[in-house]
Amino acid sequence: MELLDRCARPLRTSLVRSSMRRWLPWGLLGLMLGGSLLKALALLPDSYMSSKRNLLNMYFVKLAWAWTFWLLLPFIAITNYCLSRNVLEMLRRISTLLVGTMVWYVCTSLFLHIEDFTGSCYKSPALDVLFQEHLSKWQCRQGGGFWHGFDISGHSFLLTYCALMIVEEMAVLHVLNTERSPRLHAVVNALFVALSFLTLIWVWMFFCTALYFHDFSQKLFGTLVGLSAWYGTYRFWYLKPFSPGLPPQNASLSSKKPNCSR
């Protein structure tokens, strides 16, 4: 427990801040532009992170929404129930994960349709000889061809959205006090530390995507879709009465933080 507290303390001072929520979208956009510039200038040699089979990509990024969903689920449930003592309010806030799942599914499906619609089938990655008879990506791959279309970066989209969503949900810690319940304090701290490290992984892998993969326009579109999904939910829809709502973060409560031991 003491180790968790030592880990959580510096992470809280950096990640659970209104300035982090304000500047992270711009930081991600800057990382995408900077990484894309380095890729265009070919200043970096290939490395372990430039391989799609690196461990972080295989076991984290490819399951990015699953990691985000299953860590945020208990965090949102516990913290929001502690503050509201209302099951319906807790469920309302958990519905943000259903919204996030719909955003993930609709956007990734749309990206696949765009790649299918804009692509053509070639005999090799050199894009020199067309397979005229294959009219879809699935048919092309079944026939041993190479499909080339506008492949919007799903990694740029999803890592942007996941990182911003986690940081938004962490804002609840501004008004939450679990110190009088050691067991609950340990659980919340453990979830917070896990989510913090997950956010760092998402930002790092987002930068690696900018450095090593996709064309600039594909990464730009993916990042902008991720930013739009975040803005449309947390900065627009969640401010409305009929929505999952924002995490409790009323500054007026900071002088007397609700205690979960009651």
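In the predicted model, eleven residues line the second largest pocket, and those nearest its centre are D5, R12, E179, H185 and N189. The volume of this second largest pocket is about 190 Å³. Two helices, α1 (2–15) and α8, each contribute at least two residues to its lining. Of these, α1 provides the largest share of the lining of the second largest pocket, namely four residues. When the lining of the second largest pocket is divided by class, five residues are charged, four are polar and two are nonpolar.

The largest pocket encloses about 1100 Å³ of space. Its lining comprises 37 residues, and K52, D151, G154, H155 and H214 are the closest to its centre. Several elements take part in this lining, each with at least two residues: the helices α4 (64–84), α5 (87–118), α6 (137–142), α7 (154–169) and α8 (182–212), together with the strand β2 (146–148). The element that gives the most to the lining of the largest pocket is α5, with five residues. By class, 18 residues of the lining of the largest pocket are nonpolar, twelve are polar and seven are charged.

Helix α8 thus supplies at least two residues to the lining of the largest pocket and at least two to that of the second largest pocket. The length of α8 was compared with the span expected for a helix. At 1.5 Å a residue, its 31 residues should span 45 Å, and because the C-alpha atoms at its ends are 45 Å apart, the two values agree. Helix α8 is followed by H214, whose phi is positive, near 65°. The residue H214 is also among those closest to the centre of the largest pocket.

The packing of α8 against α4 was examined next. Two packed helices are described by the angle between their axes and the distance between the axes. For α4 and α8, the axes come within 10 Å and cross at roughly 145°. The crossing in which α4 passes α8 is left-handed. On the side of α4, the contact is made by A64, W67, T68, L71, L72, P74, F75, I78, T79 and C82. On the side of α8, the contributing residues are L184, V187, V188, L191, F192, A194, L195, L198 and W202. By class, the contact of α4 with α8 contains 17 nonpolar residues, two polar residues and no charged residues.

Conventions: Residues are numbered from 1 along each chain as its sequence is written. This is a predicted model: local features need pLDDT of at least 70, side-chain atom pairs count only at pLDDT 80 or more; totals for chains, interfaces and linings use all residues. Side-chain values use heavy atoms; hydrogens and water are left out. On a 1 Å grid over the protein atoms alone, a cavity is a set of points where a 1.4 Å probe fits but cannot get out, and a pocket is an open set with protein on both sides within 12 Å along at least five of seven lines; lining residues have an atom within 4 Å of a point. Grid points are joined across faces, edges and corners, and a volume is the space filled by probe spheres set on the points. Ala, Val, Leu, Ile, Met, Phe, Trp, Tyr, Cys and Pro count as nonpolar, Asp, Glu, Lys and Arg as charged, and the others, Gly among them, as polar. Axes are lines fitted to C-alpha atoms, for helices over the stretch in contact, and angles run from 0 to 180 degrees between N-to-C directions. A crossing is left-handed if the near helix is turned anticlockwise from the far one by less than a right angle, and right-handed if clockwise. Contact means heavy atoms within 4.5 Å. The expected span of a helix is 1.5 Å times one less than its number of residues.
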